[in-house]
Amino acid sequence: MLHYEVIVYTGHRVCSGTLNHVHIKLVGKDGESHRTSLSSLRIGGGSVSTYTISCPKSLGELILIELDKQHGYLMPDDAWFPNKVEIKSPEGVIYTFPIHCWIGDKETHRFREGKALRVFDESNSLGQYAREQELCRRKADYGWEQAYPGVPHCIEADGPCKLPHEVQFSFTKTTEFGFTAIAALTELELKGLEHDHHNWKHLDDIKRVFCNKHTVLSDYVQEHWTEDWLFGYQFLNGNHPTLIQRCKTLPKNFPVTDDMVVISDCSNLSNELKQGNIYLCDYKNLDGMPGNIIHGVQQYLTAPLVLFYKQPDDKLIPIAIQLKQTPSKDNPIFLPTDSEYDWLTAKIFVKSADFTEHQLNAHLLRTHLLAEVFAVSLLRKVPMVHPLYKLLIPHTRYTLHINELARTLLIGPAGIFTQFAASGGQTMTKILERSLSSITYRSLCFPDDIADRDLQDVPNFYYRDDGLKLWNIIFEFVQGMIQYYYKRDEQVQQDSELQIWIGDIFEHGFLCQQQTGIPQSFTTVPELVKFATMVIFTCSCQHAAVNNGQYDYGAWMPNTPITLQRAPPTEKGTTSKATMLMTLPPINVTVQGIAAVWLLSRQSSDFVPLGHYPEDHFTERTPRQMQKDFKTELDQLSIKINERNKSLKIPYTYLDPKNVENSVAI
Ligand code: FE2
């Protein structure tokens with residue numbers, strides 16, 4: 001008899017072990033073993049259990065293993081989470097089979113040996129069969145659903161608990177998430193704020209919403225929110241650094257003139273436009289969108305235009321604001337020289353529009369929903385043994401679960417956003433639809449986006465500085481990985497799974513809209529490298545940039561109002577402190593908004609930072625070394641960012657690799 005040594009590694013997650021009967025079968029090129037029980041040893045969480053399987057003759061090169069788990073009459077079904085199985089053959093060859101998923105049913109599950117194989121590498125019919133069967137099963141487990149017309153399709157599921165086990169939150173994550181939500185809402189309830197429909201009487205009263213939940217930056221914002229330089233700073237390094245662009249020519253619908261704005265004694269607006277010192281934020285995406293109705297009260301959402309000037313001291317300050325897109329007498333251009341409350345009210349309307357544009361377009365659509373599309377397409381169309389699956393699957397962790405939660409708790413019929421945001425309800429769908437139509441592939445690729453917005457040389461733009469470095473590090477890593485498996489363009493063209501994957505993304509993510517410029521197929525290795533870089537960057541860095549500062553800048557509601565309940569002023573000189581307080585959202589709406597951003601800014605304790613790969617999907621030496629090098633590069637960048645931040649009044653930490661999660665998970 002010949003003996004195979006089998007080592008089973010069970011994961012360290014809560015409840016990852018099983019008391020059920022586990023069986024294994026080894027399948028090689030020259031035969032297969034008997035289905036053998038592994039139940040003689042208890043398979044506990046974090047255990048490493050060794051078994052011997054004897055065969056009358058060599059099985060040849062091992063292709064796959066089959067695992068199944070059965071519960072006895074007296075034994076309840078007990079899901080099992082194996083990490084991997086290692087097998088030493090009688091010939092002394094060691095094979096590794098990565099698993100990293102829950103086995104909850106009684107079905108037979110096949111797992112391939114760890115060496116990555118493209119579809120045309122499959123020389124064995126067993127391997128080919130296992131590949132097809134796996135995709136068949138995945139197609140059934142991960143269906144597409146159109147939740148909203150004109151919006152990227154999402155996973156078909158009746159809530160997060162109905163998702164396949166392998167993509168659900170861990171026990172730790174579920175518990176922490178639930179606890180944070182309940183604790184925040186209980187605190188509001190105890191303070192009697194959750195059901196208080198009154199307006200705020202004094203701004204200072206807002207400080208008591210979460211007086212024990214603050215960050216250094218949220219305190220700073222509370223103190224300085226009315227200052228023009230902090231208003232300007234946020235468009236570069238706040239939650240929403242993706243809208244501002246250099247302005248060389250004023251839009252026709254924004255008729256600011258030289259004599260309106262004060263630049264300096266020796267210059268004017270026309271000169272500064274030519275010099276490249278003028279910047280623009282245009283919220284045209286929100287034009288014509290009706291405001292929500294909250295507790296029977298009409299809400300207001302505007303589509304402002306904001307002009308900024310980069311001063312000689314490099315501060316970016318707002319110099320003109322028009323709150324609606326069409327210029328007219330009742331749509332004045334507000335200026336810093338107007339009365340204190342005219343100017344402040346105009347800035348509040350801009351920040352409220354910015355809340356909507358940031359949350360719906362930059363955050364929800366361009367990171368959460370696209371990351372879900374990348375994840376579902378990968379799960380449906382690419383088998384585990386494919387190098388692209390191994391490369392991208394860590395960047396999809398928890399994305400389907402958090403998005404299912406968002407569809408229930410935030411944007412569902414009873415969601416916080418639907419009930420309490422100016423753009424809640426039908427308007428949200430319209431904005432998302434419009435946003436998707438105007439998305440471009442270039443805007444998803446960081447260096448192209450910065451170039452297209454002409455922001456290469458703006459000073460103190462840390463989002464750009466850190467983002468470009470991260471893009472380059474990810475690009476180098478992805479290029480190394482892809483070129484290891486694809487030496488020539490023809491191999492990319494030949495890989496039907498790769499082509500089907502990108503076709504699925506184009507169809508379900510971008511709804512076949514050609515003007516987006518999203519690739520519909522790959523013809524060259526560099527095309528594939530760029531797209532995979534964009535996927536990893538979007539799921540990790542871009543999400544961190546637009547997600548992690550939500551509480552820093554949103555905890556002080558007047559800086560980021562979720563909605564506004566008075567129409568924008570139609571003439572100057574009609575505002576006051578009293579009208580401002582009547583414009584800001586009432587108490588209960590304010591506290592719901594703040595509770596939401598608190599929850600969405602919390603880092604969970606099982607956070608996996610960018611470049612950490614606790615699951616060994618790759619087993620070959622070269623790709624594993626590339627993963628280590630990637631992590632080293634990220635660690636070095638983190639040190640540099642920390643050094644840089646020491647000299648900044650407001651440290652920019654959102655793109656420090658240590659704070660960037662591998663995937664959209666919150
Ligand atoms: Fe998020």
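## Histidine 543 and isoleucine 666

Histidine 543 has a relative accessibility of just 3%, so it counts as buried in this predicted model. Isoleucine 666 is buried too, since its relative accessible area of 9% falls under the 20% cut-off.

Where do histidine 543 and isoleucine 666 lie? Histidine 543 is part of helix α16 (residues 525-547), while isoleucine 666 belongs to the segment after α20 (621-645), so the pair ties together parts that are 123 residues apart in sequence.

## The iron site

Both residues turn up in the list of protein donors of the iron ion: His363 (NE2), His368 (NE2), His543 (NE2), Asn547 (OD1) and Ile666 (O). These donors lie 2.2 to 2.4 Å from the iron ion.

If you like to think in motifs, the spacing of the donors along the chain reads H-x4-H-x174-H-x3-N-x118-I.

## How α4 packs on α6

Over to a helix pair. Two packed helices are described by the angle between their axes and the distance between the axes. For helix α4 (residues 228-237) and helix α6 (residues 340-381), the axes come within 12 Å and cross at roughly 20°. Angles under 35 degrees count as roughly parallel, so that label fits α4 and α6. As for handedness, the crossing of α4 and α6 is left-handed.

Which residues meet in this contact? From α4 come Asp228, Phe231, Gln234 and Phe235, and they meet Trp343, Lys347, Val350, Lys351 and Asp354 of α6. Sorted by character, the residues of the α4 contact with α6 split into four nonpolar, four charged and one polar.

Technical notes. Residues are numbered from 1 along each chain as its sequence is written. This is a predicted model: local features need pLDDT of at least 70, side-chain atom pairs count only at pLDDT 80 or more; totals for chains, interfaces and linings use all residues. Side-chain values use heavy atoms; hydrogens and water are left out. Axes are lines fitted to C-alpha atoms, for helices over the stretch in contact, and angles run from 0 to 180 degrees between N-to-C directions. Helices (H or I, at least four residues) and strands (E, at least two) are DSSP runs, numbered from the N terminus. Angles under 35 degrees count as roughly parallel, over 145 as roughly antiparallel, 65 to 115 as roughly perpendicular and the rest as oblique. A crossing is left-handed if the near helix is turned anticlockwise from the far one by less than a right angle, and right-handed if clockwise. Contact means heavy atoms within 4.5 Å. Ala, Val, Leu, Ile, Met, Phe, Trp, Tyr, Cys and Pro count as nonpolar, Asp, Glu, Lys and Arg as charged, and the others, Gly among them, as polar. Donors are N, O and S atoms within 2.8 Å of the metal (3.2 Å for Na, K and Ca); water is not among the atoms, so sites may look incomplete. Buried means under 20% relative accessible area, exposed over 50%, partly exposed in between (1.4 Å probe, protein chains only).
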